[in-house]
Amino acid sequence: MLTQQWRIELLNRFALCHGSTTIARFRTQKTAELLAYLALNRYRTVYREELADTIWPESDAVAGRTSLRTALTSLRHQLEPPGIPFKCVLYTDRTTVRLQPNAVTTDVEAFDAACRVGAEAPADERLQAGIDALNLYAGELLPGWYSDWVFPERERLAEAHVRLLRVVISGLWKRGDNEIAIDYARRLVAADPLQDEANILARKLYASAGRSTDALRHFQNYERNLREELGDSPSPEAWSQVTQFAEASGKTIDSRRPIGRKRGVSPRTGVSLPSSVAPARPQLPDAPVHAVLSSQSVRLPLVLNRFFGRDTEIMEIERMLQPEAARYSAGGAAERIRLLTLTGPGGTGKTRLAVEVARRLATHAFQSVTFVPLSEVHEPHRIPDTIASTFMIPANGHADRIEALAAVLGANRHLVVLDNLEQLLSPVMQAPEPLTESNADAADIIAQLLARIPSLALLVTS
């Protein structure tokens, strides 16, 4: 009889743990992949054909099923050693395979559960709940694994990690715990070192803690990495920020002239750092972090793999979403396309396609592009709150969130990707009733967003 659950670790490493026993080696890499796939799908029964096609995509049907049987036999020896009842952990029949839910737990499940607790926690408990969830994120999913099925789940978890970091950083900053917030800001920057917004936030926190010299040093490193990795330079908002910090500290900065190596002057940015000047505490605005958007702001998920193919679909979506694109109605009036939905079964790459299109449009068509995941949102009226949270707009009593969004977005062109809308689409109400915040469905909310924010375009996946 199994007296203790197997724990499958998928974050930062792959290992099978039971008491003091840890198994990190398996018959083959494909055997390990099979177990990881079952662990990530442990609340559903998986068909053998799906497993064979997913884990052995290069094999034909007969060879794939043979490899699957061999791998399952090997896993059963490890999961059900002598003394453990047959199929107590790994259930199989002629057509399906699954891990018994009560026999196995995973670190991914623990992290997801903590994220849900944090999302549903009262406002005064949300910060600690976020910190607790972050403590469960040991690192990226299955590092060093490059199978196609890994990437969407790795990306989802990385996005959840980044969202949590932003929530925790914002909460700590509002509470005045700037030094602790800086530690989490470092984690945010490490998740995507070249992301402009995360680096701007880190420097604000340094300055808020009275560490202007550290803020300027951070900018030097960021500017160097950006130039060496991408051949690019910081955004105007970043230059404006660091100039303000330098002036507040009695230092100088010149982003226009070539920089030579001189004593006390950064060879990369020209930021003068005289040791005789003590760092001053710059005055931060009362507005929340990121409440004012830069002229070019990109908030998209960290992507660890290159995108190949689907050129026709990308070109068509780009053409339809271009702000200058217009179709003509029957009356001859130009109609700008502001809402486009990508539909299809789960796992067909809708999210990845939407992110790729948004990334390309960010370079020339919109002042900002922003990704808003809705998989953890279960009430349609929370959609504006979720979007506002992504833009770091704080709650303000019972203020109209759509109005707050309109005030921040202004007249510039913005593209928002709303990912996983399907669970928020309500069936038609049986009887007419007045439309209120609590009974509005996703279609109503989206209609309000588009009507009240003329600068907004939405790319939806469902």
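Here are four worked exercises on a predicted model.

**Exercise 1. The small sheet**

Work out the strand order of the open four-strand sheet, and say which strands stand at its edges.

*Solution.*
- Start with strand E1, residues 6-9, and look for its partners. Strand E7, residues 104-106, runs parallel to E1, and three bridges join the two.
- Now check that register residue by residue: Trp6 sits across from Val104 of E7, and Ile8 faces Thr106 of E7.
- Next, take strand E2, residues 15-18. E2 pairs with E1 in the antiparallel sense, again over three bridges. Here Arg7 has Cys17 of E2 as its bridge partner.
- Have a look at the hairpin that E1 and E2 make. Five residues lie between the strands, and Asn12 takes a positive phi near 75°.
- Put it together: the order reads E3-E2-E1-E7, and the pairing is mixed.
- Strand E3 (21-23) and E7 each have a single partner strand, so they are the edges, and one side of each has no neighbour in the sheet.
- To finish the geometry, the twist averages 25° from one strand to the next.

**Exercise 2. Two helices crossing**

Describe how helix H4 (residues 107-120) packs against H6, giving angle, handedness and contact residues.

*Solution.*
- Begin with the axes: they are 11 Å apart and make an angle of about 40°.
- Then classify that angle. Under 35 degrees would be roughly parallel and 65 to 115 roughly perpendicular, so H4 and H6 come out oblique to each other.
- For handedness, H4 passes H6 in a left-handed crossing.
- List the contacts next. H4 brings Val108, Phe111, Asp112 and Cys115, and these meet Glu153, Arg156, Leu157, Ala160, His161 and Leu164 of H6.
- Sort that contact by class and you get six nonpolar, one polar and three charged residues.

**Exercise 3. A residue in a loop**

Place Asp177 in the chain, and decide whether it is buried, exposed or partly exposed.

*Solution.*
- Find the flanking elements: Asp177 lies in the loop between helix H6 (150-175) and helix H7 (178-191).
- Compare its accessibility with the cut-offs. Buried needs under 20% and exposed over 50%; Asp177 has 24% relative accessibility, so it counts as partly exposed.
- Last, compare sequence with space. Asp177 and Ser208 are 31 residues apart in sequence, and their C-alpha atoms are 9.9 Å apart.

**Exercise 4. An enclosed strand**

Find the partners of strand E12 (residues 368-373), and explain how far the rest of the structure encloses this strand.

*Solution.*
- Take one partner at a time. Strand E8 (residues 297-299) pairs with E12 in the parallel sense over three bridges, and Val298 has Val369 as its bridge partner in E12.
- Strand E13 (residues 414-419) also pairs with E12 in the parallel sense, over six bridges. One of the facing pairs is Ser368 with His414 of E13.
- Now the side chains. In a regular strand they alternate between the two faces of the sheet.
- In E12, Ser368, Thr370 and Val372 point one way, while Val369, Phe371 and Pro373 point the other, and all are buried.
- Conclude: six of the six residues of E12 are buried, so the strand is largely enclosed by the rest of the structure.

Technical notes:
Residues are numbered from 1 along each chain as its sequence is written. This is a predicted model: local features need pLDDT of at least 70, side-chain atom pairs count only at pLDDT 80 or more; totals for chains, interfaces and linings use all residues. Side-chain values use heavy atoms; hydrogens and water are left out. Two strands pair if DSSP finds at least two bridges between them. Buried means under 20% relative accessible area, exposed over 50%, partly exposed in between (1.4 Å probe, protein chains only). Axes are lines fitted to C-alpha atoms, for helices over the stretch in contact, and angles run from 0 to 180 degrees between N-to-C directions. Angles under 35 degrees count as roughly parallel, over 145 as roughly antiparallel, 65 to 115 as roughly perpendicular and the rest as oblique. A crossing is left-handed if the near helix is turned anticlockwise from the far one by less than a right angle, and right-handed if clockwise. Contact means heavy atoms within 4.5 Å. Ala, Val, Leu, Ile, Met, Phe, Trp, Tyr, Cys and Pro count as nonpolar, Asp, Glu, Lys and Arg as charged, and the others, Gly among them, as polar.
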